[in-house]
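Hello,

Here is the structure I promised to pass on to you. Please open it first, and then read my notes below with the model in view.

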Amino acid sequence: MCKASSEAGVGARVVQIPLPLEWGDGNDAASVVEDNRSSPSGAIAPAGEVSKKKRKWYSLYDKVYAPKNLEAAWAKVRDNGGAAGCDGQRLAQFESRLAEHLESLHQELREKRYRPRAVRRVMIPKPGGGERPLGIPTVRDRVVQQALLQVLGPIFEKKFSDLSHGFRPERGCQTALDIVDRALRHGYEWVVDADIERFFDSVDHELLLSEVNEEVSDGSVLRLIRMFLVSGVIVGPGEIEPTEVGTPQGSPLSPLLANIYLHRLDEAMEASKFGLVRYADDFVIFAKSRERAEEGLELVGEVLGGLKLRPHPEKTRIAAIDEGFAFLGYRYFRDKNGVLQKVVSPKSVARFRNAIRERTRRHSGQKRRKARRCTLTRLAKNQHLFR
């Protein structure tokens, strides 16, 4: 179903495209602007010239707060588990008055009265030493973020590159590692082992929203994302740290925003035909010569610079496969016989052992029971021997 719109401008038209959702109030279609303007006048392209149509979604907000979407979002948040946010409300407490809470969120979002709370910061240990900050939103904020993710995810999924594997449907660590294995079998002998310095703390809000706006022009959706970005972090009793840059790790929406922000890197590497494998902010680039690897690293620096990021100066390096490199919990190297090896990295082993220790009873520090001698008197008193 199509209709003309004076708001869309000359050379553009508005179409109704069904979303893969069933959450609308009788109308499950979202409006999209198709921009056919290849010239300022919007004239028809000459014969033989391909017309590039840019679609922008501009009617999505009502899909976010639709009751069925909020119910599906709650089910996902419940299954993911997690601790309470700054308000102390746990999942079980939210569920005890589920209908009331979901209706309240529906009304607040519909009337644009909804305001997210600051996230609660906790520090979690890193396998290699040190700590990583994790932001825990309240349960109600996690539900809204998940609802927003369920609407935006399918839209951006069609745009994302095959070079990206993190937090995407039917993709993950295994697909990324399969590509790495294939690259090594096909003779790629050099790798750029890269790390982005303080990525989640350095995301520029305006650049991020500009990237979102490339696909979504619904002002209410953009406003909701901005509110989450600037909601702040609780760092102490009654002390809220403003978040003018960055996006907290630990929220349902954070992985999608990270992929949106780094999509420009995927496009640049794909256009230059570099063998990039990216999982969120962790990535490697494969090359068949050191010179080509250096070119890849230089391009990475240029693209990240445009995003107000930079490669970590100490953790980013160019290495031959013989020297070895680590990626997604595995270490690749050649042994003394020249055979390529893929083993679980020491950091992953340490993380696994720590998880086992946390889940099992330990005897360290307990007083051992004194061993007793086996005598005839003791044997005679043992009831189990004479049944």
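Before the notes, one cut-off will help: a residue counts as buried when its relative accessible area is under 20%, as exposed when it is over 50%, and as partly exposed in between. Please also keep in mind that this is a predicted model.

Let me start with the whole chain. The protein has 387 residues, and 41% of them count as buried. Its secondary structure comprises 13 helices and 15 strands. If we take the contacts with a separation of 6 or more, 66% of them join residues that are 24 or more positions apart.

Two residues caught my eye for their backbone angles. Phe167 is not a glycine, yet its phi is positive, near 55°. You will find Phe167 in the loop between α5 and α6. Because its relative accessibility is 53%, Phe167 counts as exposed. Ala280 is another residue other than glycine with a positive phi, here about 55°. Ala280 sits in the loop that runs between β10 and β11 (282–287). With a relative accessibility of 7%, Ala280 counts as buried.

Next, have a look at Thr247. This residue belongs to the loop between β9 (239–241) and α10 (254–271). Is Thr247 buried or exposed? Its relative accessible area is 5%, so Thr247 is buried. Leaving aside residues up to four places away in sequence, Thr247 touches Phe200, Val203, Leu229, Ser254 and Leu257. As for Gly232, the C-alpha atoms of Thr247 and Gly232 are 9.8 Å apart, with the two positions 15 residues apart in sequence numbering.

The helix that follows this loop, α10, packs against helix α11 (residues 290–306). The angle between the two is about 145°, and their axes are 10 Å apart. The crossing of α10 and α11 is right-handed. On the α10 side the contact is made by Leu262, Arg264, Leu265, Ala268 and Met269, while α11 contributes Gly296, Leu299, Val300, Val303, Leu304 and Gly306. Sorted by class, the residues of this contact are eight nonpolar, two polar and one charged.

Now for the empty space. How many cavities of 30 Å³ or more does a search of the whole structure find? There is one. The largest cavity has a volume of about 120 Å³. It is lined by 16 residues, and those closest to its centre are Gln145, Phe228, Ser231, Pro248 and Ser251. Helices α5 (139–157), α9 (219–229) and α10 each give at least two residues to the lining of the largest cavity. That lining divides into eight nonpolar, six polar and two charged residues.

There is also a pocket to look at. The second largest pocket holds about 320 Å³ of space. Its lining has 15 residues, with Leu163, Ile179, Phe274, Gly275 and Leu276 nearest the centre. Both α6 (173–185) and β10 (275–279) supply at least two residues each to the lining of this second largest pocket. By class, the lining of the second largest pocket has eight nonpolar, three polar and four charged residues.

If you want a place to begin, try α10: this helix packs against α11 and also helps to line the largest cavity.

Enjoy exploring, and write back whenever you like.

Best wishes

Note on methods. Residues numbered from 1 in each chain as written. Predicted model: local features only at pLDDT ≥ 70, side-chain atom pairs only at ≥ 80, totals over all residues. Heavy atoms only, no water. Helix = DSSP H or I, 4+ residues; strand = E, 2+ residues; numbered from the N terminus. Buried < 20%, exposed > 50% of the residue type's maximum accessible area, 1.4 Å probe, protein only. Contact = heavy atoms within 4.5 Å. Axes fitted to C-alpha atoms, helices over the stretch in contact; angles between N-to-C directions. Left-handed = near helix turned anticlockwise from the far one by under 90°. Nonpolar A, V, L, I, M, F, W, Y, C, P; charged D, E, K, R; others polar. 1 Å grid on protein atoms, 1.4 Å probe; cavity = no way out; pocket = protein on both sides within 12 Å on 5 of 7 lines; lining within 4 Å. Points joined across faces, edges and corners; volume = space filled by probe spheres on them.
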